[in-house]
Amino acid sequence: MVETRIIDGKGFAEELRKRIAGEVADFRAATGITPGLAVVLVGEDPASAVYVRNKGKQTLEAGMASFEHKLPAATGEAELLALVASLNADPAVHGILVQLPLPAHIDAQKVLSAIDPAKDVDGFHVVNAGRLAVGLDALVPCTPLGCVMLLKHHLGSLAGLRAVVVGRSNIVGKPLAQLLLREDCTVTIAHSRTKDLPEECRRADILVGAVGRPEMIRGSWIKPGATVIDVGINRVDAGGGKTRLVGDVAFDEAQGIAGLITPVPGGVGPMTIACLLQNTLTAARRLVGD
Ligand code: NDP
């Protein structure tokens with residue numbers, strides 16, 4: 001029986017945000033410039049509204065400027081593109097984030113492509129995805145960046161480890177696989193058409209769930225001692241009219257099998273905003289040439 005240790009993403013993210021706040025203070029003292037993050041929210045999706053509020057709060061706490069643009073759901077694509085163009089041109093804005101999902105009448109890819117890649121703190125622009133893929137410096141998507149930070153902090157070098165990433169989205173699975181490759185892991189990307197997913201997972205030294213299916217990855221799919229990173233955030237019925245959050249991994253079953261595991265909530269989730277702040281500072285430094 002393996003002793004399973006919990007990865008405290010919440011605590012790690014708090015420390016990271018403190019460090020970033022210190023670096024922001026130094027940057028402001030050296031350049032007289034306050035890094036600024038603009039967040040654009042279209043429509044009234046309640047989960048998105050919570051994310052945007054938290055992002056704004058934590059941006060201010062880190063000593064950065066926060067610009068929130070809340071637009072009605074009926075906003076047209078041309079109007080949104082015009083806002084993005086004005087933010088691209090605004091010297092006080094170093095990072096731009098357009099909260100997804102966008103309403104169906106707006107072409108999200110078109111909007112993401114309109115963001116200046118130098119201000120693309122979500123790392124979703126094809127220029128940044130391409131730069132990451134060919135091994136150049138890039139603004140890297142926040143959630144995968146947070147996963148790799150946690151992994152390196154707990155495991156040290158990842159070189160030679162076998163990583164299996166379940167999920168191949170452009171937001172999580174694919175960029176995470178690229179980052180793990182950059183760390184010299186041997187990487188497998190699994191998805192809904194993968195044959196014998198449990199067997200693929202059992203080969204993993206590092207197993208990542210980025211699927212969006214509650215507790216799909218069972219304890220018996222985990223190699224004893226493996227490190228498990230659970231990206232999934234799923235709201236499930238907790239009875240009595242209440243709900244609770246669970247990940248993509250059956251957390252209780254993983255006890256005594258996984259060596260290390262991120263909980264949901266309190267694992268990967270808090271790292272995402274911390275990495276957004278990190279990317280905003282990185283973008284500001286590059287734009288200012290510091
Ligand atoms: P997507 O829906 O874009 O992608 C899900 C992926 O899972 C797809 O590649 C899909 O495969 C794969 N998949 C679906 N069903 C199965 C299955 N039965 N077996 C194997 N693979 C399957 O989701 P995201 O990447 O955007 O998000 C994934 C999860 O991470 C969600 O729960 C989301 O809420 C969470 N998330 C958490 C964040 C955080 O801050 N912690 C940030 C972003 C996301 P295929 O491509 O073949 O369809």
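**Exercise 1.** Which atom of Ile233 lies 3.1 Å from an oxygen atom of the ligand?

*Solution.* The model is predicted, so local features need pLDDT of at least 70 and side-chain atom pairs count only at pLDDT 80 or more, while totals for chains, interfaces and linings use all residues. Residues are numbered from 1 along each chain as its sequence is written, and side-chain values use heavy atoms, leaving out hydrogens and water.

Step 1. In Ile233 a backbone N or O atom lies 3.1 Å from a ligand oxygen atom.

Step 2. Taken alone, the ligand exposes 930 Å², of which the protein buries 69% (Shrake-Rupley method, 1.4 Å probe).

**Exercise 2.** Describe the residues around the ligand.

*Solution.* Step 1. The ligand is surrounded by 21 residues (a heavy atom within 4 Å); Ser192 and Arg213 are among the closest.

Step 2. Ser192 places a polar side-chain atom 2.5 Å from a ligand oxygen atom. For Arg213, a side-chain N or O atom is 2.9 Å from a nitrogen atom of the ligand.

**Exercise 3.** Characterise the interface of domain 1 and domain 2.

*Solution.* Step 1. The domain assignment gives domain 1 as 32-134 and domain 2 as 141-270; their centres, taken over C-alpha atoms, are 27 Å apart.

Step 2. In contact are 8 residues of domain 1 and 8 residues of domain 2 (heavy atoms within 4.5 Å).

Step 3. The two domains bury about 600 Å² between them, 71% of it on carbon and sulfur atoms (accessible area lost on being put together, 1.4 Å probe, summed over both).

Step 4. The interface has 0 salt bridges (side-chain nitrogen of Lys or Arg within 4 Å of a carboxyl oxygen of Asp or Glu).

Note on methods:
A polar contact is a pair of N or O atoms within 3.5 Å; within protein, one must be able to donate a hydrogen and the other to accept it, and residues adjacent in sequence count only if both atoms are side-chain atoms. Domain bounds come from an automatic or database domain assignment.
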